[in-house]
Amino acid sequence: MKKYDFPKGFLWGGATAANQIEGGYKEGNKGLNIADVLPGGKERYNILMKPGFDFEIHEDLFFYPNHEAIDFYHRYEEDIALFAEMGFKAFRLSIAWTRIFPNGDESEPNEEGLAFYDRVFDELQKYGIEPVVTISHYEMPVHLVKEYGGWRNRKVVSFFERYAKAILGRYKDKVKYWMTFNEINSGLVMPINGLGFSYQSEEDKYQPTFQAYHHQLVASAIAVKACHELIPKSKIGCMLLFAPVYAYDSNPENVMYALQEEQLFNYFCGDVQVRGEYPAFIKRYFKEHRISLEILEGDLDLLKDGTVDYIGFSYYMSRTEKKVKSDADSSEGNIIGGVRNPFLETSDWGWEIDPEGLRISLNKLYDRYQKPLFVVENGLGAYDKEEEDGSIHDDYRIDYLREHIKAMGEAIEDGVELMGYTSWGCIDMVSMSTGEFSKRYGYIYVDKHDDGSGTMKRKKKKSFYWYKDVIESNGEKL
Ligand code: BG6
């Protein structure tokens with residue numbers, strides 16, 4: 001097999017988010033965040049976005065998988081020891097905003113929450129594992145959603161600034177790698193998670209969505225600037241959901257449509273975060289959708305001063321687009337839409353599997369920005385089966401990851417500067433989109449099931465040993 005040349009110091013590891021692993025949803029004075037009011041099951045977002053939803057917990061009606069999740073809150077030592085055994089160089093995690101500011105609008109942070117992450121970072125340090133911290137990963141305080149209307153409200157910028165400065169200052173000697181908002185562009189398709197509000201009709205979406213984005217982009221720039229000031233040796237990135245957009249065919253109308261979709265979804269946020277200004281293409285879009293942003297004095301300077309050091313992104317799938325779609329074209333399951341690509345197979349959840357798309361993404365992003373890239377999410381959600389002897393042979397996962405790692409190796413040969421790879425869900429956890437435990441990504445199996453049963457026992461899958469070899473050989477042994 002061809003040998004790839006991953007750079008020395010490449011950050012191999014795994015990625016998680018607080019709300020999907022920690023549990024302990026009320027412990028240590030933690031307040032409620034959006035994930036805490038999300039029921040389990042495929043309908044979870046439809047329930048949340050129903051008009052009149054009260055953002056309360058209804059235990060008589062639903063099961064809430066994120067409340068206990070996989071209990072990382074109490075088991076982090078055991079889990080980190082397993083990551084260390086695999087040889088992780090980096091572990092991506094998020095800080096739950098509501099552990100630090102339970103409601104989001106307090107003036108002082110919650111010491112118990114801060115102390116928890118001190119313990120986690122100390123544990124990582126014990127093994128020489130670099131934490132890669134996402135400041136906000138779909139974990140907005142419910143109070144800010146209910147009382148302030150999410151990111152539409154300018155006040156949220158100051159609340160976020162307080163939160164970001166509290167954690168940057170507290171962990172300045174423990175954390176070097178940071179990212180501001182997880183998959184910041186995802187709010188264009190699913191605003192509740194990232195922007196903290198939802199709309200009921202297409203027409204209602206434009207003005208509030210982009211005003212909320214303006215606030216969030218300013219907040220991101222403030223955090224970047226603060227990070228540079230408080231932690232001079234740090235690196236702070238943006239985090240994009242990147243799915244390269246292919247035209248369905250060579251019809252120029254479809255090519256143009258694919259280009260526009262790519263500009264808006266893949267590049268709009270990144271352009272502001274990397275270049276420090278709004279891209280040219282968005283002016284026409286704003287005009288056509290009658291969007292007029294309220295931009296305060298100093299905002300545009302802030303955007304300029306708060307540009308990121310690297311581009312973190314998630315990669316799960318590509319997207320194929322056609323200007324006029326019929327029902328037969330549906331790519332049902334591909335979470336960000338588009339039409340079915342006849343050349344690609346799908347996962348059990350309908351996500352199209354496209355390793356070459358990762359090489360394409362890396363080339364596109366590097367061509368556009370010439371900044372270091374970091375693949376901070378990628379992986380296969382699959383059903384795993386425990387054999388009678390307790391072993392788990394997840395060869396399908398190994399095949400998926402191998403092909404994506406090869407694609408990164410090729411991109412490095414293409415000239416792309418790549419810092420690292422933290423595959424998603426290094427340990428099984430709650431799925432974001434469906435709230436299932438049975439959609440598993442991990443190298444480590446967790447005995448926890450969709451009905452809430454299970455012992456929480458951890459177990460090494462076949463991929464655990466495979467990934468250990470990959471890391472040990474710096475990507476040579478695939
Ligand atoms: C990303 C999110 O979009 O996809 C993660 O940042 C999420 O939070 C991951 O878990 C995989 O999605 P899912 O729905 O399979 O958990």
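Here are four short exercises with worked solutions on the structure above.

This is a predicted model, in which local features need pLDDT of at least 70, side-chain atom pairs count only at pLDDT 80 or more, and totals for chains, interfaces and linings use all residues. Residues are numbered from 1 along each chain as its sequence is written.

**Exercise 1. Find out what confidence the predictor reports.**

Step 1: Start with pLDDT, the predictor's confidence in each residue, from 0 to 100. The protein has a mean pLDDT of 96, and 100% of its residues reach 70 or more.

Step 2: Turn to the complex, which the predictor scores with an ipTM of 0.99 and a pTM of 0.98.

**Exercise 2. Describe the shell around the ligand.**

Step 1: Take the residues near the ligand, meaning that the C-beta atom, placed from the backbone, lies within 6 Å of it. The ligand is surrounded by 14 residues, and the closest are A17, G381, S431, M432 and S433.

Step 2: Sort the shell by class, with Ala, Val, Leu, Ile, Met, Phe, Trp, Tyr, Cys and Pro as nonpolar, Asp, Glu, Lys and Arg as charged, and the others, Gly among them, as polar. The result is four nonpolar, seven polar and three charged residues.

**Exercise 3. Place strand β11 among its neighbours, then look at E377.**

Step 1: Helices (H or I, at least four residues) and strands (E, at least two) are DSSP runs, numbered from the N terminus. Two strands pair if DSSP finds at least two bridges between them.

Step 2: β11 pairs with strand β7 (residues 310–314) in the parallel sense over four bridges, and F313 has V375 as its bridge partner in β11.

Step 3: With strand β12 (residues 418–424), β11 pairs in the parallel sense over three bridges; here V375 has Y421 as its bridge partner.

Step 4: Check burial, where buried means 20 or more other C-beta atoms within 10 Å of a residue's own, exposed 12 or fewer, and partly exposed in between, with C-beta atoms placed from the backbone. Five of the five residues of β11 (residues 373–377) are buried, so the strand is largely enclosed by the rest of the structure.

Step 5: E377 lies in β11 and counts as buried because it has 25 C-beta neighbours inside 10 Å. An unreviewed UniProt entry places the feature "active site" at E377.

**Exercise 4. Is F242 buried or exposed?**

Step 1: Locate F242 in the loop between β5 (235–241) and β6 (245–247).

Step 2: Count its neighbours: F242 has 29 other C-beta atoms within 10 Å, so F242 is buried.

Step 3: Look along the chain: F242 and L358 are 116 residues apart, yet their C-alpha atoms are separated by 9.1 Å.

Terms used: UniProt positions are given in the numbering used here, feature names are shortened, and annotations may be inferred rather than shown by experiment.
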